[in-house]
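Open your viewer and get ready to click through a short tour. At each stop you will be told what to select and what to look for there.

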Amino acid sequence: MNMALVVNEIFYSIQGESTYAGLPCIFVRLTGCNLRCTYCDTRYAFDQGRPMTLEQIEHQLRLHRCSLVEITGGEPLLQEETPELVRRLLDCGYRVLLETNGSLDISQVDSRCIRIMDLKCPSSGEVEQNDLENLHRLTPADEIKFVLGDRHDYEWAREIIRRVGPALRGTTILLSAIANKLDHATLARWILEDSLEVRLQAQLHKIIWDPNTRGV
Ligand SMILES: C[S@@+](CC[C@H](N)C(=O)[O-])C[C@H]1O[C@@H](n2cnc3c(N)ncnc32)[C@H](O)[C@@H]1O
Ligand SMILES: Nc1nc2[nH]cc(C(=O)O)c2c(=O)[nH]1
Ligand code: SF4
Ligand SMILES: [Mg+2]
C-alpha cells in the first residue's frame, strides 16, 4: 500500500498566525497529538481523521489555486510520513509551513520548510515536554511562538528570549495570547514596557470569523 497519513481536515482559508498571517493558505490538519495543552482549540484533531495517501492529499491541494500550504494538527511530527509529505510538496513548488509543538526533533523536516515552533509555557501544563535542543536546530527562516496565559508565562518566555535570543540569528519570535485568557492590550503593554524585540501575534481567523468556527 502507498504511504498514508491520517488526516483530520483539509481546508482553504486565510492564514491566521505567524508572520504569514493574512495570506491565503491551504491547511492540512493531521490527526493525533502527544500533548494535551490546557487551552487547546483543536481537540477534535486528537482522534478524528481518515487515512489518505500522499497522492490523495496532493490531489485535494490542487483543487485550490494557492501555492502556500500549512501542515498542522494535532501534532504533525507524530506521523512518520510527515517529512515525506513536506518534501513532496516542496518538490512540487509549494511554500510549506509546518506548525509544531516543539516536543519532537524538528531536524527530521526538510530545512526548506518554514517551521513554526511553539515553546510550551507553564500554563499549558506541558512545559516539561519542550525539546530545548530544537532551539539550536532552527534557521533564521523559522519562527518560535510562545502562547501565553498569564504574567508568569510572559516572564518565563521573557527569560528564555533574553537567554537564547542573540543565538537565534534572526529567527522570528512570536508572542501570542491564549484566546479569552489574556487580552492583547495587556500583552502589548508588557512587550512595550520591556522593549522586547518580538512580534505580537493575534489569531486573525478568530477575528474574521466566529472563534468557534471549524475549518477556517
Ligand atoms: C492547534 S496547534 C497545532 C500544532 C501543534 N500541535 C502546536 O501546538 O504547535 C496550532 C497553534 O494553535 C495554538 N493554540 C491552540 N489553542 C489556542 C488557544 N486557545 N489560543 C491561542 N492559541 C492556541 C497552539 O499553541 C499552536 O501554536
Ligand atoms: N486560519 C487559520 N490559521 C491558522 N494558523 C495556524 C492554525 C492551526 O490551527 O495550526 C490555523 C487555523 O486553524 N486557521
Ligand atoms: S500540542 Fe498543539 S494540538 Fe496538541 S494539545 Fe497542544 S495546542 Fe493542541
Ligand atoms: Mg488553529
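Start by selecting ligand 2, which sits in the largest pocket of this predicted model. Now colour the elements that give two or more residues to the shell around ligand 2: strand 1, strand 2 and strand 4, the last of which runs over residues 68–72.

Next, show the side chains around ligand 2. You should find Ser 13, Ile 14, Gln 15, Gly 16, Glu 17, Phe 27, Arg 29, Glu 70, Thr 72, Glu 99, His 205 and Val 216. If you colour this shell by class, you get 3 nonpolar, 5 polar and 4 charged residues.

Zoom in on the contacts. Which side chain has a polar atom 2.6 Å from a nitrogen atom of ligand 2? That is Gln 15. Select Thr 72 as well: a polar atom of the Thr 72 side chain lies 2.7 Å from an oxygen atom of ligand 2. At Val 216, look at the backbone instead, where an N or O atom is 2.9 Å from a nitrogen atom of ligand 2. How much of ligand 2 does the protein bury? On its own, ligand 2 exposes 320 Å², and the protein buries 93% of that.

**Next stop: ligand 1**

Select ligand 1, and you will see that the space taken by ligand 1 is the largest pocket too. There are 21 residues around ligand 1, and those that come nearest are Tyr 39, Gly 74, Asp 118, Lys 120 and Lys 145. The shell of ligand 1 divides into 6 nonpolar, 7 polar and 8 charged residues. Highlight strand 5 (95–100) and strand 7 (143–148), since each of these strands supplies at least two residues of that shell.

Now try some distances. From an oxygen atom of ligand 1 to a side-chain N or O atom of Lys 120 is 2.9 Å. For Glu 99, a side-chain N or O atom is 3.3 Å from an oxygen atom of ligand 1. Ala 179 takes part through its backbone, with an N or O atom 3.1 Å from a nitrogen atom of ligand 1. Ligand 1 has 540 Å² of accessible area on its own, and the protein covers 94% of it.

**Next stop: ligand 3**

Move on to ligand 3, where the space taken is again the largest pocket. Which residues surround ligand 3? Select Cys 33, Leu 35, Arg 36, Cys 37, Cys 40, Phe 46, Gly 74, Asn 101 and Lys 120. By class, they come to 5 nonpolar, 2 polar and 2 charged residues. You have met Gly 74 and Lys 120 before, as both are among the residues nearest to ligand 1.

**Next stop: a salt bridge**

Side chains of opposite charge can pair when their charged atoms come close. The model has 17 salt bridges by the rule used here. To view one of them, select Glu 9 and Arg 29, whose closest N and O atoms are 2.6 Å apart. This pair links distant parts of the chain: Glu 9 is in strand 1 (residues 4–14) and Arg 29 is in strand 2 (residues 24–30), 20 residues apart. Arg 29 also belongs to the residues around ligand 2.

**Last stop: two backbone details**

Most residues other than glycine have a negative phi, and most peptide bonds are trans. Keep that in mind for the final two selections.

Go back to Gly 74, which is in the loop between strand 4 and helix 2 (82–91). Is the peptide bond from Gly 73 to Gly 74 cis or trans? This bond is cis, with omega near 20°.

Finally, select Ser 18, in the loop between strand 1 and strand 2. Ser 18 is not a glycine, but its phi is positive, near 70°.

Conventions: Residues are numbered from 1 along each chain as its sequence is written. Chains are lettered from A and ligands numbered from 1 in the order in which they are written. This is a predicted model: local features need pLDDT of at least 70, side-chain atom pairs count only at pLDDT 80 or more; totals for chains, interfaces and linings use all residues. Side-chain values use heavy atoms; hydrogens and water are left out. A residue is near a molecule or strand if one of its heavy atoms lies within 4 Å of it. On a 1 Å grid over the protein atoms alone, a cavity is a set of points where a 1.4 Å probe fits but cannot get out, and a pocket is an open set with protein on both sides within 12 Å along at least five of seven lines; lining residues have an atom within 4 Å of a point. A molecule sits in a cavity or pocket if more than half of its atoms lie within 2 Å of its grid points. Ala, Val, Leu, Ile, Met, Phe, Trp, Tyr, Cys and Pro count as nonpolar, Asp, Glu, Lys and Arg as charged, and the others, Gly among them, as polar. A polar contact is a pair of N or O atoms within 3.5 Å; within protein, one must be able to donate a hydrogen and the other to accept it, and residues adjacent in sequence count only if both atoms are side-chain atoms. Accessible areas come from the Shrake-Rupley method with a 1.4 Å probe; for residues, only the protein chains shown count as cover. Helices (H or I, at least four residues) and strands (E, at least two) are DSSP runs, numbered from the N terminus. A salt bridge is a side-chain nitrogen of Lys or Arg within 4 Å of a carboxyl oxygen of Asp or Glu.
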